[in-house]
Amino acid sequence: MWTQRIKTGLVTTTAAASLLLLAACGPSPSPAGTSSAPPTSSSPSASVTPSSPPATATTTPSPSPTATSAAPADATLCKAASLTAATDSTGGGAAGSIYEKLILTNSGTTPCVLEGFAGVSLTADASGEPIGEPATRETTTPVTKIELAPGKSAWAEIRYTQAGNYGDCTKVPAAGFRIYPPNDTASLFVAEPHDACSNAGIKLLTVTAFQAV
């Protein structure tokens with residue numbers, strides 16, 4: 001009986017030893033939750049080419065302004081010596097007044113400038129002194145600078161109020177108008193008979209600024 005138990009235990013022991021030996025020789029099980037795949041090698045970082053430094057904007061200096069030649073001098077003022085004067089009374093009249101154009105023409109050989117108001121008075125003759133009050137300026141027409149080429153004209157409006165409209169007028173016959181161009185002390189004469197008032201304070205004449213024809 002003991003021999004039988006010894007054999008049976010020997011067989012059992014031998015089988016168990018064989019199982020242990022086989023388990024030891026077999027592959028080790030992978031730990032749970034870990035991947036058996038080899039780690040993926042990370043791709044090499046893409047090489048970055050350093051950007052070129054920004055180009056510095058170059059500003060081409062503007063050329064210095066060249067000196068310009070001085071503007072030509074203005075034409076000289078129109079003077080009595082290079083002007084002729086005339087009147088045009090076709091403008092008619094109303095309420096005891098006569099409206100007419102005073103026309104100055106450049107009779108010289110070079111251009112001249114006419115600007116502003118003429119001095120206008122009634123006079124006894126071409127060389128006589130003015131009679132009564134000079135013309136009052138009518139400022140509703142703007143003053144403009146007019147360049148008169150040779151042979152060209154400009155005009156202003158004269159209003160003459162009849163001397164008979166004033167009961168206190170001391171009437172004196174006048175032979176025409178004495179005309180002083182703007183900015184001139186010399187005068188021109190236009191023959192045109194009218195009654196004048198020799199006493200001060202009565203203004204028979206008004207005149208506008210010159211306008212281009």
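In this predicted model, Cys112 counts as buried, because its relative accessibility is 2%. This cysteine is a convenient entry point to the structure, and the report proceeds from the disulfides to the overall make-up, the core, and selected strands and residues.

## Disulfides

The protein contains 2 disulfides. In one of them, Cys112 is bonded to Cys78, with a distance of 2.0 Å from S to S. Cys78 is found in the loop between α1 (2-25) and β1 (83-88), whereas Cys112 belongs to strand β4, so this pair ties together parts that are 34 residues apart in sequence. Cys78 counts as buried because its relative accessibility is 0%.

The other disulfide is formed by Cys169 and Cys197, whose sulfur atoms lie 1.9 Å apart. Here the loop between β9 and β10 holds Cys169 and strand β11 holds Cys197, so the bond ties together parts that are 28 residues apart in sequence. Both Cys169 and Cys197 are buried.

The handedness of each disulfide follows from the torsion about its S-S bond. The torsion is about 90° for Cys78 and Cys112, so that disulfide is right-handed. For Cys169 and Cys197 the torsion is about -110°, so that disulfide is left-handed. When the bonded cysteines are numbered in sequence order, the pairing reads 1-2, 3-4.

| Disulfide | S to S distance | Torsion about the S-S bond |
|---|---|---|
| Cys78 and Cys112 | 2.0 Å | about 90° |
| Cys169 and Cys197 | 1.9 Å | about -110° |

## Overall make-up

The protein has 1 helix and 13 strands. Read from the N terminus, the order of elements is α-β-β-β-β-β-β-β-β-β-β-β-β-β. The protein comprises 213 residues, of which 26% count as buried. Its accessible surface comes to about 14,300 Å², and carbon and sulfur atoms account for 59% of that area. Among contacts in the protein with a separation of 6 or more, 75% are between residues 24 or more positions apart.

## The nonpolar core

In soluble globular proteins, nonpolar side chains tend to be buried together. In this model, the largest nonpolar core has 32 residues, and those with the most contacts inside it are Val120, Leu122, Ile179, Leu204, Leu205 and Phe210. At least two residues of this core come from each of β3 (97-106), β4 (112-115), β5 (119-123), β8 (145-148), β9 (153-161), β10 (171-180), β11 (188-197) and β12 (205-208).

Leu204 illustrates how such a core residue is placed. Setting aside residues up to four places away in sequence, Leu204 touches Leu122, Arg159, Tyr160, Thr161, Gln162, Ala163, Tyr166, Asp195, Ala196 and Cys197. Two of these partners have appeared above: Leu122 is listed among the core residues with the most contacts, and Cys197 is bonded to Cys169.

## Strand β5 and its partners

Strand β5 is largely enclosed by the rest of the structure, because 4 of its 5 residues are buried. With β10, β5 pairs in the antiparallel sense over 5 bridges. Strand β6 (residues 130-131) also runs antiparallel to β5, and 2 bridges join them. β5 and β6 form a hairpin, with 6 residues between the two strands.

Thr123 has a place in both pairings. Opposite Thr123 in β10 stands Gly176, and opposite Thr123 in β6 stands Pro130.

## Two asparagines

Asn106 lies in strand β3. It counts as buried because its relative accessibility is 2%. The side chain of Asn106 reaches the backbone oxygen of Leu148 at 2.9 Å. Apart from neighbours within four places in sequence, Asn106 is in contact with Ser82, Leu83, Pro111, Cys112, Leu148, Ala149, Pro150, Gly151 and Lys152. The contact with Cys112 links this residue to the disulfide that joins Cys112 to Cys78.

Asn183 lies in the loop between β10 and β11. At a relative accessibility of 56%, Asn183 counts as exposed, because exposed means over 50%. Most residues other than glycine have a negative phi. Asn183, although not a glycine, has a positive phi of about 60°.

Note on methods
Residues are numbered from 1 along each chain as its sequence is written. This is a predicted model: local features need pLDDT of at least 70, side-chain atom pairs count only at pLDDT 80 or more; totals for chains, interfaces and linings use all residues. Side-chain values use heavy atoms; hydrogens and water are left out. A nonpolar core is a set of buried Ala, Val, Leu, Ile, Met, Phe, Trp, Tyr and Cys residues joined through side-chain atoms within 4.5 Å. Buried means under 20% relative accessible area, exposed over 50%, partly exposed in between (1.4 Å probe, protein chains only). Contact means heavy atoms within 4.5 Å. Two strands pair if DSSP finds at least two bridges between them. A polar contact is a pair of N or O atoms within 3.5 Å; within protein, one must be able to donate a hydrogen and the other to accept it, and residues adjacent in sequence count only if both atoms are side-chain atoms. A disulfide is a pair of cysteine sulfur atoms within 2.5 Å. Accessible areas come from the Shrake-Rupley method with a 1.4 Å probe; for residues, only the protein chains shown count as cover.
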